[in-house]
Amino acid sequence: MRAVEFQEYGGPEVLKVVEAEVPEPGPGQVSIDVAYTGVNFADLKARGEGYRVPHLPFVPGLEASGRIRALGEGVEGLAVGQEVTALTEGGAYADVTLASAETVFPIPTGVDLRTAATLPTVLPTAYALVHSVGRLQPGETVLVQGAAGGVGTVVGQLAKAAGARAVYGVVSGEAKAAYAREYGYDEVFVGEFGEAVRAATDGRGVDLALDPVGGDTFRASLASLAPFGRLVSFGNASSAPAWSVGQPELYPSGVSVAGFSILTLAKTAPGALRALAGRAFAKAVDGTVSLPVTAEFGLEEAAEAHRLMGTRTSTGKLLLRVGG
Ligand SMILES: NC(=O)c1ccc[n+]([C@@H]2O[C@H](COP(=O)([O-])OP(=O)(O)OC[C@H]3O[C@@H](n4cnc5c(N)ncnc54)[C@H](OP(=O)(O)O)[C@@H]3O)[C@@H](O)[C@H]2O)c1
């Protein structure tokens with residue numbers, strides 16, 4: 001079978017198409033004939049910096065839709081040939097991938113295999129950011145970094161549907177700002193946002209800020225909070241050194257900082273992930289959110305997809321077509 005792997009860390013050019021053995025599912029796993037694979041920013045972090053890469057060579061890819069090829073020992077409730085979508089621990093840039101049965105989901109009624117590949121990472125992540133971790137209440141205000149991206153476009157829609165009074169986004173360019181406005185954002189700031197947020201909120205700040213960028217952006221997001229506001233850190237796209245927050249920034253203004261990782265949830269509490277995914281997928285089925293696929297590449301063009309996302313010119317969700 002074909003797989004796209006990297007044998008060293010580096011730019012998109014380190015992604016190589018190779019012939020690999022078809023993997024056999026171990027106990028509690030299934031193998032999937034992949035139809036489509038979603039491209040995530042975490043794949044670029046894996047390729048460039050070794051983010052969650054246990055060893056080299058490594059086949060990236062955290063989500064795939066397709067048909068179950070084989071069941072490992074002890075797997076119940078799934079069947080060979082069934083159409084599913086799955087969160088994986090890497091390995092989805094391939095004709096066949098493995099997944100823990102606990103993170104394999106039947107495709108919701110009315111969803112096709114292509115759309116199904118967009119569901120596993122960004123939708124539950126966005127749902128957790130807005131609801132479970134961010135605890136957004138009707139009438140509150142929200143600030144979202146990377147508003148035009150995969151997670152960002154879903155967060156905007158979910159926050160608006162949850163009754164947010166105003167949803168503010170931050171992006172790196174004007175074209176992305178126009179795009180984000182189609183997905184729930186009331187106002188989108190390009191680049192610097194601290195003063196703009198204060199002006200938009202009459203100096204009060206926002207109730208909830210969501211930051212996947214880290215570094216200075218994380219600190220500016222913290223400074224943009226209203227009294228008793230919440231900041232959720234869920235990534236470090238800027239690859240800045242680790243941030244730290246101390247007592248002076250927190251209790252005097254009553255703000256709090258939380259974190260979220262869907263991969264850690266999948267590993268440590270798969271039951272909670274399934275419950276989260278169920279609630280989140282329902283939002284796509286009932287039309288509350290749409291998951292815009294803006295670019296589709298063949299599996300062998302994975303490096304092109306990485307170039308597009310890595311140059312910060314992508315919007316919405318990118319897919320690799322494998323067998324689909
Ligand atoms: N914790 C979790 O569970 C979880 C799950 C999924 C994703 N994430 C994180 O959420 C973010 C979005 O992921 P995605 O897969 O949906 O990707 P994406 O948003 O479609 O694309 C990457 C995003 O990162 C921003 N970006 C790229 N390079 C950057 C840089 N050097 N500095 C600042 N921002 C940069 C871009 O926004 P602008 O160019 O507009 O700034 C773009 O929106 C990533 O940081 C990812 O790691 C976290």
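What follows is a chat about how some helices and strands of this predicted model are arranged.

Modeller: Quick ground rules: this is a predicted model, where local features need pLDDT of at least 70, side-chain atom pairs count only at pLDDT 80 or more, and totals for chains, interfaces and linings use all residues. Residues are numbered from 1 along each chain as its sequence is written, and side-chain values use heavy atoms, with hydrogens and water left out.

Colleague: Fine. Why is α3 called oblique to α4?

Modeller: Helix α3 (residues 122–133) and helix α4 (residues 150–161) pack at an angle of about 50°, their axes 9 Å apart. Axes are lines fitted to C-alpha atoms, for helices over the stretch in contact, and angles run from 0 to 180 degrees between N-to-C directions. Under 35 degrees is roughly parallel, over 145 roughly antiparallel, 65 to 115 roughly perpendicular, and the rest oblique. So α3 is oblique to α4.

Colleague: Which residues of α3 and α4 make that contact?

Modeller: Contact means heavy atoms within 4.5 Å. On α3 the residues include Val-122, Leu-123 and Tyr-127, and on α4 they include Gly-150, Val-154 and Leu-158.

Colleague: How do the residues of the contact of α3 with α4 divide into nonpolar, polar and charged?

Modeller: Eleven are nonpolar, two polar and none charged. Ala, Val, Leu, Ile, Met, Phe, Trp, Tyr, Cys and Pro count as nonpolar, Asp, Glu, Lys and Arg as charged, and the others, Gly among them, as polar.

Colleague: And what makes α3 roughly perpendicular to α10?

Modeller: With helix α10 (residues 270–285), α3 packs at an angle of about 100°, again with the axes 9 Å apart. That angle makes α3 roughly perpendicular to α10. Tyr-127 and Ser-132 of α3 are among the contact residues, as are Arg-279 and Lys-283 of α10. This contact has nine nonpolar, one polar and two charged residues.

Colleague: On to the sheet. What makes β10 and β13 the edge strands?

Modeller: The open sheet has six strands in the order β10-β9-β8-β11-β12-β13, with parallel pairing. Strands pair if DSSP finds at least two bridges between them. Both β10 (187–190) and β13 (256–259) pair on one side only.

Colleague: How many bridges join β11 to β12?

Modeller: Five bridges join strand β11 (residues 206–211) to strand β12 (residues 225–233), and the two run parallel. For Asp-211, the bridge partner in β12 is Ser-233.

Colleague: Where does α3 touch the sheet?

Modeller: At β11, β12 and β13, with its direction at about 145° to that of β11. Helix α7 (residues 215–223) packs on the sheet too, touching β8 (141–145), β11, β12 and β13.

Note on methods
Helices (H or I, at least four residues) and strands (E, at least two) are DSSP runs, numbered from the N terminus.
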